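Trainee: I would like to learn how to read a protein model, one feature at a time. Where should we begin?

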Amino acid sequence: MVVILKKHILQNDDPDVISSFSDLKTWVEESLDIFRDELLRILYPLFVHIYLDLIATHKIEISKEFFKRFKKDFESERQQRKVELSVLESISDVLHLRENNIACNYRSHKYRLAVGKYAFTLFLAYLEDHNLTQFLKIVSHYFDIDVYTGTRKSTDDEGISGVVEIGEDTALDLNTYLVDKTAADTVLTGEKYKFDPLQTFVHKNVKGMDKEEKYNKPNVPIGPTIPNANIKKMQELLKRVSVSKNHLPSICCYTVHNSDEKLCCAEINEECTMIALGYQDSYIEIISLKGDLRKLKTSTELGKGEDSSSKKNAKKDTIENIYDMDLNESVIFKNKNQGEDLFANTEYDFDITNKNAKSKFAGNQSTESFENYSKKLDFDDQSARKTEIDKFENTLDENPINNSEINLNTSSSTKKHEIDYNLEHIYGKQKPEKKEKQKDPTAHLYESIGPSTKLIGHSGPIYCLKFFKGNKFLLSCSQDCTVRLWSLELFTCIAIYKAHVFPIWSIDVSADNWYFASGGLDKQAHIWSVIGSKPERLIVSALSDVTVVKFHPNGNYIFTGSNDNKIRMHSVQDGSIKRIFNGHTEGITCLEVSSCGKFLLSGGKDKLVILWDIAASKLLNKFTGNERSVYSVAFCWFGNIIASVGADCSVRIWDRTDSKGVPVSTFFTRNTPLIAIRFGFRNIISVVGPFL
């Protein structure tokens, strides 16, 4: 619905509108009891229109003074009016009148009101006697007064007539599923997950999934799915801890030292295993919270590694075969190159008949058997034993053994003592236990680069970072007006996106890893495809810079928060505005959508955390207690607990069903303002911030 404002602007003939309205208010309050209640109901809409007229005539300072003077007189009447007044107070420019939905409703529709005949006659007589022509014009243009005689009419229909909030006449598709179709089919039909609790969990979460509607969007193509990441997510959610106001979550706090107050932003991945830090010096630092980072080897490195690794594996297999053999058996190892026995068994010793190998173990005593030489070693000398092991392994390097040429002869049973004796001599009295580990088939493709690394490419401070699901990619935005896509396997920049002409404040990635959004100082929000070079959608609705963008979990909608104190919900398919959320009195700093897709959580510079009903664009609760700006907010998984962090160096936890909006608990850091928070899949909170 497009709202067109009336061009009629009332001229304020009275030089002192504040005193005129104050006198009118005093007259109404001192009138007879039978008229007072009806006359008081006229004052609120009249107050709103006078305020809007002052702004429309560019009398901003007078309008602010007028609003501040009489605001408290109307706040206590109704909760709805209190919300309206907080929204109207954010208007500070003529252009805001066209964007503010409450102002548009008041200026485009008449205020319906039922007033008794005698009370209304007295009201008009007062305005005429005091020459308040501007007040009379407002009543004439913007009021729909039903004058009655006799019994007082009901006030249930009092208010603006014919009002339809922006987007409220359009139904929203807020259906959200924790698992995509591909991952769900894999779990439900896979033999591997048969009788696994994961099947039951997935079955409950995909119940009612409309495949045709969910996976065939006409205007927005769906990207490739990531079933492995989704299955792992489900497995972790099965291990979650239930949290409530009586059972609060655990908190892991990560403090960044020696940042010299140059840390601009931070992001924690979904699994809470990695942290990305953006600095004012235009570089990004990736930190692993679980082991070392792994970098994919280049093709050259992989080619070199094959030769050395094959030789190393042959040596390792040979040593393991010695330990795996039955000591009642005699063993003959043949050297493939020289065609002779590497180890020859005699009746009483374990000789090395290969001359090269013999010289390695016995120095220049080529005729001395390995057994006789080994008896000369001190059994308690661990360093000598280690040296001998190294010599033995080096010999295997120079004389590789083909395992297929190991001949076992079970006819001899007299060599157990001698073979056991020599193996103990080299490796100690206890054989190492063979541990069976599940090997990663791709481990040889990667190399360890330590617990952290830096990504360099931007030419300005980093303002926002986002991990892709699966942790294969990272997105960053900067003051240099670009968005960069980084590979977390190669740790290098693989794409640069340019469209903004001013610094970019915020970015977010859709649930399918196919789209991402950016918002910046140019008052615009762009929706991109990862494989495209230009924006797919351009959203221009904010009256100030777009400070935060957030995708809905089902990918159909995107939320934008702005310094004009409003949150807007747009359709990804056509970019149209579906809902507007008014409640903050200062700029929006963070947004988060619940996993069910029905609730929105917002934080701002006004120190407030607000919970919204998305479908009704209704403010459900305000959570107070923060002493400074809120930087990040989060929902728990399958519970009523929400949390926030901010510049006051604290983590505050609330129960979202508590109408009082008081924190359940508060945890303070010593001197670390926290800039990012995330509930892990197991409902453990992770927070990060710089030590100042």
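**Reading the sheets, pocket and single residues**

Mentor: Begin with a sheet. This is a predicted model, and in it 4 strands make up an open sheet in the order β19-β20-β21-β22, paired antiparallel.

Trainee: Which strands stand at the edges of this sheet?

Mentor: They are β19 (504–509) and β22 (537–539). Each has a single partner strand, so one side of each is left without a neighbour in the sheet. On average, neighbouring strands here are turned by 20 degrees against each other, direction ignored.

Trainee: How many bridges join β21 to β22?

Mentor: Strand β21 (residues 525–529) is joined to β22 by 3 bridges, and the two run antiparallel. To find one of the links, start at H526: its bridge partner in β22 is L538.

Trainee: What is the strand order in the open sheet that includes β31?

Mentor: The order is β31-β32-β33-β34, again 4 strands with antiparallel pairing. The edges are β31 (630–635) and β34 (665–668); each has a single partner strand, so one side of each has no neighbour in the sheet. From one strand to the next, the twist averages 20 degrees. Strand β33 (residues 650–655) pairs with β34 over 4 bridges in the antiparallel sense, and V651 has F667 in β34 as its bridge partner.

Trainee: What should I look for in a hairpin?

Mentor: Look at the pairing, then at the residues between the strands. Strand β17 (residues 482–487) and strand β18 (residues 492–498) run antiparallel and are joined by 6 bridges. W486 is paired with C493 of β18. The hairpin has 4 residues between the strands, and F491 takes a positive phi near 55 degrees.

Trainee: Which other residues have a positive phi without being a glycine?

Mentor: S282 and N565 are among them. For S282, phi is about 70 degrees. S282 sits in the loop between β6 (274–279) and β7 (283–288). N565 has a phi near 75 degrees, and its place is the loop between β24 (557–562) and β25 (566–571).

Trainee: Are S282 and N565 buried or exposed?

Mentor: Compare the relative accessible area with the cut-off: buried means under 20%. S282 has 16% relative accessibility, so S282 counts as buried. N565 has a relative accessible area of 10%, so N565 is buried too.

Trainee: How do I read a residue in a helix?

Mentor: Take its place, its burial and its contacts in turn. K71 is found in helix α3 (residues 60–75). Its relative accessible area is 15%, so K71 is buried. The side chains of K71 and E89 are joined by a polar contact of 2.7 Å. With neighbours within four places in sequence left aside, K71 is in contact with F47, L85 and E89.

Trainee: Where does E301 lie, by the same steps?

Mentor: E301 is in helix α13 (residues 299–324). With 35% relative accessibility, E301 counts as partly exposed. The side chain of E301 reaches the backbone nitrogen of T298 at 3.1 Å. There is also a distance to note: E301 and L445 are 144 residues apart along the chain, while their C-alpha atoms are separated by 9.2 Å.

Trainee: And how is a pocket found?

Mentor: Rolling a probe the size of a water molecule over the atoms shows where empty space is left. In this model, the second largest pocket holds about 1,300 Å³ of space. It is lined by 33 residues, and the closest to its centre are K232, E271, T273, K290 and N471.

Trainee: Which elements give two or more residues to that lining?

Mentor: They are α12 (227–237) and β4 (251–256). The largest share comes from α12, with 6 residues.

Trainee: What numbers describe the protein chain as a whole?

Mentor: The protein chain has 17 helices and 36 strands. Of its 692 residues, 50% are buried. Among contacts between residues at least 6 apart in sequence, 58% join residues at least 24 apart.

Notes. Residues are numbered from 1 along each chain as its sequence is written. This is a predicted model: local features need pLDDT of at least 70, side-chain atom pairs count only at pLDDT 80 or more; totals for chains, interfaces and linings use all residues. Side-chain values use heavy atoms; hydrogens and water are left out. Buried means under 20% relative accessible area, exposed over 50%, partly exposed in between (1.4 Å probe, protein chains only). A polar contact is a pair of N or O atoms within 3.5 Å; within protein, one must be able to donate a hydrogen and the other to accept it, and residues adjacent in sequence count only if both atoms are side-chain atoms. Contact means heavy atoms within 4.5 Å. Two strands pair if DSSP finds at least two bridges between them. Axes are lines fitted to C-alpha atoms, for helices over the stretch in contact, and angles run from 0 to 180 degrees between N-to-C directions. On a 1 Å grid over the protein atoms alone, a cavity is a set of points where a 1.4 Å probe fits but cannot get out, and a pocket is an open set with protein on both sides within 12 Å along at least five of seven lines; lining residues have an atom within 4 Å of a point. Grid points are joined across faces, edges and corners, and a volume is the space filled by probe spheres set on the points.
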